[in-house]
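Please walk me through the empty spaces in this model, both the open pockets and the enclosed cavities, and explain which residues and elements line them.

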Amino acid sequence: MNRYLGVIVAAALAVTAVPAWAQTILKVRPFGDLKTIDPMVTSDYMVRNHGYMIYDTLFAQDEKGAIKPQMVQSFATAPDGLTWTFVLRDDLKFHDGAAVTAADVVASLKRWGQLDGLGQQLTAHTASLEAVDAKTVKLILRDRWGLVLEALGKPSSMVPFIMPERIAKTPTNEAVKDPIGSGPFMMKRDEWSPGSKVVYVKAPTYVPRQDPPSGLAGGKVANVDRVEWVIIPDAQTALNALQAGEIDIFEEIPPDMMTLLKGNAKVGIARLAALQGVMRLNQAIPPFNNAKLRQAILQLVDQEQTLRAYVDDASLYTSCPSFYMCDSPYFTDAGWPKPDAAKAKQLVKESGYDGSPIVLLDATETALHPQTLVVAQAMRDIGLNVDYQAMDWPTLSTRRANKNPIAQGGWSAFMSGPAAPDMFEPVGHLALRSNCEKAWFGWPCDEAIEKLRAEFTMIPDLQGRKANARAVQLRAVETVPYVPVGQFYLVRGYRKDLTGLLSAGIPVYWSVGRGR
């Protein structure tokens, strides 16, 4: 009996051991590191990307920008436009096996609605949001509001991801610590090593939609068993790893390294969606609480010069004299000043600037590093006392939340690169929002812009919205919530044996597999 039992045990062990060597693994060098797992407490894109791995959404944007149902099976709107009813799909489950219910959706949306700009607008127009039964959510508006689906299906930062009710009830001033999600991959928290590796595995509980994948919508099919984000700070080391096949994807290859890949037939490169370079000015403390000094920086920045510090290939950048993306229907160059260092210097004088330090934070491993250096020197040239401080992106993303004075670890400016969906129109715009303490880091505060943003949501026609967006721009040229430094495209390097790579504007890894 013992001999037969030993044979059975050995056979069982052999069977259970198969997945360990048969697993398909996708290894990715992301652009940064993951420091927190709560996509609601920060707009950091690494946390956003993590959110897309482990959560799903009620609606999502396809490759043409249309909003499509995702976790929703059906929805209806009352004739008066005030009552919205959403019915969930039958097969939705969280990673712990629990069914996704309407109560989970309500709790998730309420937490999101306190923190996201578009969510705050929706919340302000909401009379009630409740679970009718286990699968049905009812939203009743106070007044007719035209961006309900756009809000629930918004991409990029502060996405309305659906998480379990118990997790969604985490106070907004605390970060979520439990990674149980509703999406195609599960986080292996026991293998998460900040600064080294983040691991995700295929979620056995997740049932994708039957629609083909398109943008961030459609069927999210996990075609690999395991995704590893391998943190490699040095770009040359990462490039060597890609060429040697030690990693499969290198997100955000520096443009000056692309020529090094031309002789490798096993590696391809692809242009990703555009970003807008943003110089954020801290209005909560001196000296950029002075509008004249902010106007000086807007007058100073030469987008062409600044962008070419990063890339000299004209197909990878665009000078765009606007707070909106150049391909947005709301693009306008109304009121935009031409670069003029002499005028900028005069504005500095008019501002009464006293020579106090301007602490400029720079994440040296990001695409914005060269632009930061160019603008820093231009600021010095017009008489500003620039205290340049180099660091990595995780350190910067933590530091920028500090509202203290300069002497207590505060900051004056930093550069970031929000994705196109975050910079497309006035309401969802990450950096135009000027609602003081609720605004993005830098905390601009302007009633006129906020009034215009609220009005935008009530305008039914495109021409009326364009006029509103123009008015927002003209006011923003005066208040300068931030300074655009132009648009540029990131480039992805990938092993050519990969299939199903999506160009969603956001790095997502469902659909990705290996060719045979």
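In this predicted model, strand E14 contributes four residues to the lining of the largest pocket, and no element gives more. That pocket holds about 880 Å³ of space, and among the 35 residues that line the largest pocket, Gln61, Gly65, Pro155, Pro421 and Phe424 are the closest to its centre. Two or more lining residues of the largest pocket come from each of the elements E14 and E19. Sorted by class, the lining of the largest pocket comprises 19 nonpolar, seven polar and nine charged residues.

The second largest pocket has a volume of about 490 Å³, and of the 22 residues around it, Val41, Leu115, Met158, Glu437 and Ala439 are those closest to its centre. Its lining is made up of eleven nonpolar, six polar and five charged residues.

From the open pockets we can turn to the enclosed spaces. Rolling a probe the size of a water molecule over the atoms shows where empty space is left. Across the whole structure, a search with a lower limit of 30 Å³ finds four cavities, and the largest cavity contains about 410 Å³ of space.

Which residues lie nearest the centre of the largest cavity? They are Tyr45, Glu252, Leu275, Gly417 and Leu490, out of 30 residues that line this cavity. Several elements meet the criterion of supplying at least two residues each to the lining of the largest cavity, namely helix H2 (45-54), strand E14 (267-281), strand E18 (413-416) and strand E19 (482-495). The largest share, three residues, comes from E14, the strand that also gives the most to the lining of the largest pocket. By class, the lining of the largest cavity divides into 18 nonpolar, six polar and six charged residues.

The second largest cavity holds about 50 Å³ of space. Its lining includes Asp116, Gly117 and Leu118, together with Lys154, Ser157 and Met158, and Met158 is also one of the residues closest to the centre of the second largest pocket. The remaining lining residues of the second largest cavity are Asp422, Val427, Gly428, His429, Leu430 and Arg433. How do the residues of this lining divide by class, and what is the count for each? The lining of the second largest cavity has four nonpolar, four polar and four charged residues.

Conventions
Residues numbered from 1 in each chain as written. Predicted model: local features only at pLDDT ≥ 70, side-chain atom pairs only at ≥ 80, totals over all residues. Heavy atoms only, no water. 1 Å grid on protein atoms, 1.4 Å probe; cavity = no way out; pocket = protein on both sides within 12 Å on 5 of 7 lines; lining within 4 Å. Points joined across faces, edges and corners; volume = space filled by probe spheres on them. Nonpolar A, V, L, I, M, F, W, Y, C, P; charged D, E, K, R; others polar.
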